[in-house]
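Trainee: Could you go through this structure with me? I would like to know how each word used for it is earned.

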Amino acid sequence: MADKENCNTGRVTRLAKKRAAEAMATQQRPSKKRVVLGEIQNFPNVGPKSRQQTKRKVKRAVTSKTDKELNVDDVDDPQMCSAYVSDIYDYLRKMEIEEKRRPLPDYLEKVQKDVSANMRGILVDWLVEVAEEYKLLSDTLYLTVSYLDRFLSMNVIARQKLQLLGVSSMLIAAKYEEISPPHVEDFCYITDNTYTKEEVVKMEADVLKSLNFEMGNPTVKTFLRRFTGVAQEDYKTPNLQLEFLGYYLSELSILDYSCLKFLPSLVAASVVFLSRFTLQPNEHPWSLYLHQYSGYKASDLKECVLILHDLQLSRRGGSLLAVRGKYKQHKFKCASMLTSPVEIPASFFRD
């Protein structure tokens, strides 16, 4: 009996010693402090010197292509993805020519029976006002018009449903682009409750099915940022007037049904051509670098530039006032109040 008690006592003693040893190890081990993300000032080994070394590595990678690309694509801006921006734009150029992402350039003649180019223009002009009312991104507006045209290229619709298609397309685009998109009820309200919530949701579903849920799409705005950067290669500081004039002309382009036959990248290049001509009418608006980065010669742009020029001078779409009114504001440098000469010299379109 005594031997059994001694055995139990020895087991208890060994367990006690083991627990005591674990407790000591826990006390010696430094406890980790829980850090709020905002408290982190700098990551380890990323001081000013390390950041400079990293930047030099990026610059060497980009400069290996061309020195000009370094200036255009802004190594200091991580959103521009300078090290592989050329690959990104090559991919976008391939994407924009995919048939599933392009509307038919003549869908009003081949598909629609009750919708005209004028009706489409009035709808898009109104959608510009809606985008302004709800403070939506310009990317949302361009995608809205893309969805609208792609749907109309495949589905016959009555004119009474055209506005419904417009707000449903904008609802989808807002969900895709915006952080806090407007609600379905907002789009019903903006139509003076002409359509019910159920009708908007039903049309939204129809549009998504027609798009086969392929909502990502390069637009004029996609290419305009880069081309505008190239266009300013001879400016010491960014020219905001050139930028806002480009935004104005590109929004005018979505009003005109005739522009559907042009690829978004070609429209963006034409916008830059006309913007430079407007601000400096005595100088050739196209340069070697613009040709290099856009992939278009001046002669490639002639037809589109002349359409945009007519829109700028109100020789086309003069009754559509939303875009013109929007860009009269000082925050857009009064871009719609800038005018260009009534004729563009033919020599500017020679290569």
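**From loops to rings**

Mentor: Let's start with K135, which lies in the loop between α6 (117-133) and α7. Helices here are DSSP runs of H or I with at least four residues, strands are runs of E with at least two, and both are numbered from the N terminus. This is a predicted model, where local features need pLDDT of at least 70, side-chain atom pairs count only at pLDDT 80 or more, and totals for chains, interfaces and linings use all residues. Residues are numbered from 1 along each chain as its sequence is written, and side-chain values use heavy atoms, with hydrogens and water left out.

Trainee: Why is K135 called exposed?

Mentor: Exposed means over 50% relative accessible area, buried means under 20%, and partly exposed lies in between (1.4 Å probe, protein chains only). K135 has 72% relative accessibility, so K135 counts as exposed.

Trainee: What makes the phi of K135 worth pointing out?

Mentor: Most residues other than glycine have a negative phi. The phi of K135 is near 55°, a positive value, and K135 is not a glycine. K333, in the segment after α16, also has a positive phi, of about 60°, without being a glycine.

Trainee: And is K333 buried, exposed or partly exposed?

Mentor: K333 has a relative accessible area of 40%, so K333 is partly exposed.

Trainee: How do you know that T219 is buried?

Mentor: The relative accessible area of T219 is 9%, so the word buried applies. T219 is found in the loop between α10 (197-210) and α11 (220-231). Leaving out residues up to four places away in sequence, T219 touches Y142, L143 and P264, where a contact means heavy atoms within 4.5 Å.

Trainee: What makes an empty space a cavity?

Mentor: On a 1 Å grid over the protein atoms alone, a cavity is a set of points where a 1.4 Å probe fits but cannot get out, and lining residues have an atom within 4 Å of a point. The structure holds 2 cavities of 30 Å³ or more, and the largest has a volume of about 320 Å³. Of the 21 residues that line the largest cavity, the closest to its centre are R102, S146, V220, L260 and P264. Helix α7 gives the largest share of that lining, 4 residues.

Trainee: Why is the pair of F244 and F332 called edge-to-face?

Mentor: Rings of Phe, Tyr and Trp (its six-membered ring) pair if their centres lie within 6.5 Å; planes under 30 degrees apart count as stacked, over 60 as edge-to-face and the rest as tilted. F244 and F332 are 5.6 Å apart, centre to centre, with 75° between the planes, and that makes the pair edge-to-face. F244 lies in helix α12 (residues 240-253) and F332 in the segment after α16 (322-326), so the pair ties together parts that are 88 residues apart in sequence.

Trainee: How do you know that F244 is buried?

Mentor: F244 has a relative accessible area of 16%, so F244 is buried. F332 is buried too, at 13%.

Trainee: What makes F277 and F348 an edge-to-face pair?

Mentor: Their ring centres are 6.0 Å apart and their planes are at 75°, so the pair is edge-to-face. F277 lies in helix α13 and F348 in the segment after α16, so the pair joins parts 71 residues apart in sequence.

Technical notes:
On a 1 Å grid over the protein atoms alone, a cavity is a set of points where a 1.4 Å probe fits but cannot get out, and a pocket is an open set with protein on both sides within 12 Å along at least five of seven lines; lining residues have an atom within 4 Å of a point. Grid points are joined across faces, edges and corners, and a volume is the space filled by probe spheres set on the points.
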